[in-house]
Amino acid sequence: MVELRKAKPEDRDTLTALLWENEMEYVDPVEHYVLAVDDKEIMGCGRSEDYEVMVMIRPVVVSRKYRRQGIGRLLLKGIMPADRPTVLVARRESLEFYEASGFSKAKWEMMPPTQQGECTSCPHRIECRPQPMICNLGSRG
Ligand SMILES: CC(C)(COP(=O)(O)OP(=O)(O)OC[C@H]1O[C@@H](n2cnc3c(N)ncnc32)[C@H](O)[C@@H]1OP(=O)(O)O)[C@@H](O)C(=O)NCCC(=O)NCCS
């Protein structure tokens, strides 16, 4: 059975490897990650940043062998707030996933300024084709 739980210090190496496989960097503290786990292994992770008026997801990742089984959607539900909008910058390859999960395209101005700057100066911008997105519904929507 798949469960969500907060990451612990002993999960750090596996978490770092999962993120690395997807060209993403691990960011401390480990407790800010929520994991989707079964009794054997970590299947995916999600992390959000609190900006008071909104929450930003950075990132949601599911291990390749567990994709298209609803785990990404489960992680989203687990980290989205019920009472505030959620924003994120999607890689173009994950656009359909976020649209299927209730997000729509947004303007760059709606993203936290630090994120705008990071994407503008990122060397992977061309292949990534970042797309700002927003969901106003909350996790119970
Ligand atoms: C994006 C990602 C997190 C989706 O995780 P997932 O567990 O496979 O997603 P789910 O199974 O919960 O998908 C929910 C719905 O999203 C849509 N969806 C998910 N992946 C899709 C894809 N590759 N193409 C089209 N639609 C997709 C489908 O509608 C799907 O429902 P369905 O399977 O019943 O048709 C996963 O593909 C991933 O880790 N990608 C690499 C990392 C990444 O790009 N993360 C996002 C950047 S922040």
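The exercises below work through the sheet, one helix, the ligand shell and one loop residue of a predicted model.

Residues are numbered from 1 along each chain as its sequence is written. Because the model is predicted, local features need pLDDT of at least 70 and side-chain atom pairs count only at pLDDT 80 or more, while totals for chains, interfaces and linings use all residues.

**Exercise 1. Establish the order of the strands in the open sheet, and state which strands form its edges.**

Solution. Helices (H or I, at least four residues) and strands (E, at least two) are DSSP runs numbered from the N terminus, and two strands pair if DSSP finds at least two bridges between them. On this basis the open sheet has seven strands in the order S1-S2-S3-S4-S5-S7-S6, with mixed pairing. Its edges are strand S1 (3-6) and strand S6 (104-105), each of which pairs on one side only.

**Exercise 2. Follow the pairing from S2 through S3 and S4 to S5, naming bridge partners where possible.**

Solution. Begin with S2 and S3, which are antiparallel and share five bridges; a hairpin of four residues connects them, and Ala36 has Gly44 in S3 as its bridge partner. Continue to S3 and S4, again antiparallel, with six bridges. Here too there is a hairpin with four residues between the strands, and Glu52 in the turn has a positive phi of about 65°. Across this pair, Glu49 stands opposite Met56 in S4. Finally, S4 (residues 55-62) and S5 (residues 86-90) run parallel and are joined by two bridges; Val55 is partnered with Thr86 in S5, and Met56 stands opposite Val87 in S5.

**Exercise 3. Decide how far S5 is enclosed, and sort its residues by the direction in which they point.**

Solution. A residue is buried if 20 or more other C-beta atoms, placed from the backbone, lie within 10 Å of its own, exposed if 12 or fewer, and partly exposed in between. Five of the five residues of S5 are buried, so the strand is largely enclosed by the rest of the structure. Thr86, Leu88 and Ala90 point one way, whereas Val87 and Val89 point the other way. In a regular strand the side chains alternate between the two faces of the sheet.

**Exercise 4. Describe how helix H2 packs, and explain why its buried residues lie on the same side.**

Solution. Contact means that two C-beta atoms, placed from the backbone, lie within 7 Å. Helix H2 (residues 71-79) packs on the sheet, touching S1, strand S2 (33-37), strand S3 (42-50) and S4. Its direction makes about 30° with that of S3, the axes being lines fitted to C-alpha atoms, for helices over the stretch in contact, with angles from 0 to 180 degrees between N-to-C directions. The buried residues of H2 are Ile71, Gly72, Leu75 and Leu76. They cover an arc of only 140° around the axis, which puts them on the same side of H2, the arc being that of the directions from the helix axis to the C-beta atoms. These buried residues pack against S2, S3, S4 and H3.

**Exercise 5. Identify which elements contribute to the shell around the ligand.**

Solution. S4, H2 and helix H3 (95-100) each supply at least two residues, and the largest share, four residues, comes from S4.

**Exercise 6. Is Glu31 buried or exposed, and what does it touch?**

Solution. Glu31 is found in the loop between helix H1 (12-21) and S2. With 11 C-beta neighbours inside 10 Å, Glu31 counts as exposed. Leaving aside residues up to four places away in sequence, Glu31 touches Lys6 and Ala7.
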